[in-house]
Amino acid sequence: MSQKSAFVTIIGRPNTGKSSLLNALVGERIAAVSKKPQTTRTKITGVLTKGDTQIVFIDTPGMHRAKTKLSEHMVNAINDGMSGADIIVFMADITKPVNDNERELLNSIKSKSCKVLLCLNKIDLVDKNTIAKRLVEYSSVYDFTEVIPLSVIDGDGIDIVMDFLIKNAKDGPHYFPDDAITDQPEKALIAEKIREKALLCLDDEIPHGIAVGIEAVGEHDNRLGEAVMDIDAVIYCEKDSHKGIIIGKQGSMLKRIGQAAREDLEEFFRIKVNLKCWVKVKEDWRNKEGLIKNFGLSSK
Ligand SMILES: Nc1nc2c(ncn2[C@@H]2O[C@H](COP(=O)(O)OP(=O)(O)OP(=O)(O)O)[C@@H](O)[C@H]2O)c(=O)[nH]1
Ligand SMILES: [Mg+2]
């Protein structure tokens, strides 16, 4: 049987549902998803092998104007993610009109020879007229290979996206083992799950300043002879006042974040988890190259 493969990079403005699509296509929650823009900070690889075809997905941070050193790395990660793509999935939020960031991003890919699929996401939130209107709007900016309106949340249209990708895969080797779902190291996956829960629980202002470091991962058998995964994690923030909020009254917020993260980790790794979380302040870390690198967020 001949093997087929394709590198598929998902790009678009923040909060359009790129990571949600990656998770839906791969069938596992690899990438953090939240309603806050700029959730994804670095490129994240997801892998799906169906029969003779392997699709390697690259989820990227949402395109935005860089304001911190971290944002510069995020924007680099987008370009880096696109460099080897066979297919680009341009993800748009159908509830919003095309904006300048998107025009710029689309202009920048005009010179590329790869196929470009437009996914108009969140059709669960609009009527048929809006779908038609956006279709015309986006098609006037770029000559897309195909346009698929979808709702990742409802699982509506995912199969059409999948069919398009499989149809457009080319003869080529499988780059990952056929049962792989990601190339993210275990520690990175754990850190992202904890950060996702912090984003979920915390106010708008703090989340962008949060990073999660995993200090140790181990395993032991409990008294019942069950395997337990031990995780020591540190949630970093930029100010003492933020530290107080993350810990909460008598530790209530940290407990909430930790509990939600533990449940998610147990489901993902299918093992009992003993998660210990601390909070530390690293002032202005988003502008410090050393710390950005430490948190695994450097694009270099
Ligand atoms: N209503 C609706 N919401 C959706 C849909 N798909 C994703 N969302 C929501 O949109 C928000 C953003 O989703 P993400 O997947 O984190 O978006 P993203 O494009 O990866 O965002 P960044 O990483 O910040 O660039 C989340 O609250 C999702 O639950 C959809 O089909 N319909
Ligand atoms: Mg994302």
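This note sets out the main features of a predicted model, from the overall fold to individual residues.

1. Overall make-up. The secondary structure of the chain amounts to nine helices and 10 strands. Its radius of gyration is 20 Å, close to the 19 Å that the globule rule gives for 300 residues, so the chain is as compact as a globular protein of that length. Along the principal axes, the C-alpha atoms occupy a box of roughly 55 × 45 × 40 Å.

2. Burial and contacts. Of the 300 residues in the chain, 38% count as buried. Among contacts with a separation of 6 or more, 70% are made by residues 24 or more positions apart.

3. Domains. The chain falls into two parts, with domain 1 covering residues 4–171 and domain 2 covering residues 186–294. The centres of the two domains, taken over C-alpha atoms, are 28 Å apart. To the contact between them, domain 1 gives 12 residues and domain 2 gives 14 residues. On the side of domain 1 that touches domain 2, four residues are nonpolar, five are polar and three are charged.

4. Surroundings of ligand 1. Which residues are closest to ligand 1? They are G17, S19, S20, T40 and G62, within a shell of 23 residues. By class, this shell holds seven nonpolar, 12 polar and four charged residues. Helix α1 (residues 18–26) supplies the largest share of the shell, namely three residues.

5. Strand β4 and its partners. Strand β4 (residues 87–93) is mostly covered, with six of its seven residues buried. Strand β1 (residues 4–12) runs parallel to β4 and is joined to it by five bridges; in this pairing V8 stands opposite I87. Strand β5 (residues 115–121) also pairs with β4 in the parallel sense, over seven bridges. Here V89 of β4 is set opposite L117 of β5. Strand β4 thus has parallel pairings with β1 and with β5.

6. The β2–β3 hairpin. Strand β2 (residues 44–50) is likewise mostly covered, five of its seven residues being buried. It is joined by seven bridges to strand β3 (residues 53–59), and the two run antiparallel. K50 stands opposite T53 in β3. Together β2 and β3 form a hairpin with two residues between them. One residue in the turn, G51, has a positive phi of about 60°.

7. Backbone angle at N15. Most residues other than glycine have a negative phi. N15 is not a glycine, yet its phi is positive, at about 70°. This residue lies in the loop between β1 and α1. Is N15 buried or exposed? With 20 other C-beta atoms within 10 Å, N15 is buried, because the cut-off for a buried residue is 20 or more such atoms.

8. Backbone angle at R270. R270 is a residue other than glycine that also has a positive phi, near 55°. Where is R270 found? It sits in the loop between α8 (252–269) and β10 (272–281). R270 has 7 other C-beta atoms within 10 Å and is therefore exposed, since a residue counts as exposed with 12 or fewer. The two positive phi values thus fall in a buried residue, N15, and in an exposed one, R270.

Conventions. Residues are numbered from 1 along each chain as its sequence is written. Chains are lettered from A and ligands numbered from 1 in the order in which they are written. This is a predicted model: local features need pLDDT of at least 70, side-chain atom pairs count only at pLDDT 80 or more; totals for chains, interfaces and linings use all residues. Domain bounds come from an automatic or database domain assignment. Two residues are in contact if their C-beta atoms, placed from the backbone, lie within 7 Å. Ala, Val, Leu, Ile, Met, Phe, Trp, Tyr, Cys and Pro count as nonpolar, Asp, Glu, Lys and Arg as charged, and the others, Gly among them, as polar. A residue is near a molecule or strand if its C-beta atom, placed from the backbone, lies within 6 Å of it. Helices (H or I, at least four residues) and strands (E, at least two) are DSSP runs, numbered from the N terminus. The radius of gyration is taken over C-alpha atoms; the globule rule is 2.2 Å times the number of residues to the power 0.38. Two strands pair if DSSP finds at least two bridges between them.
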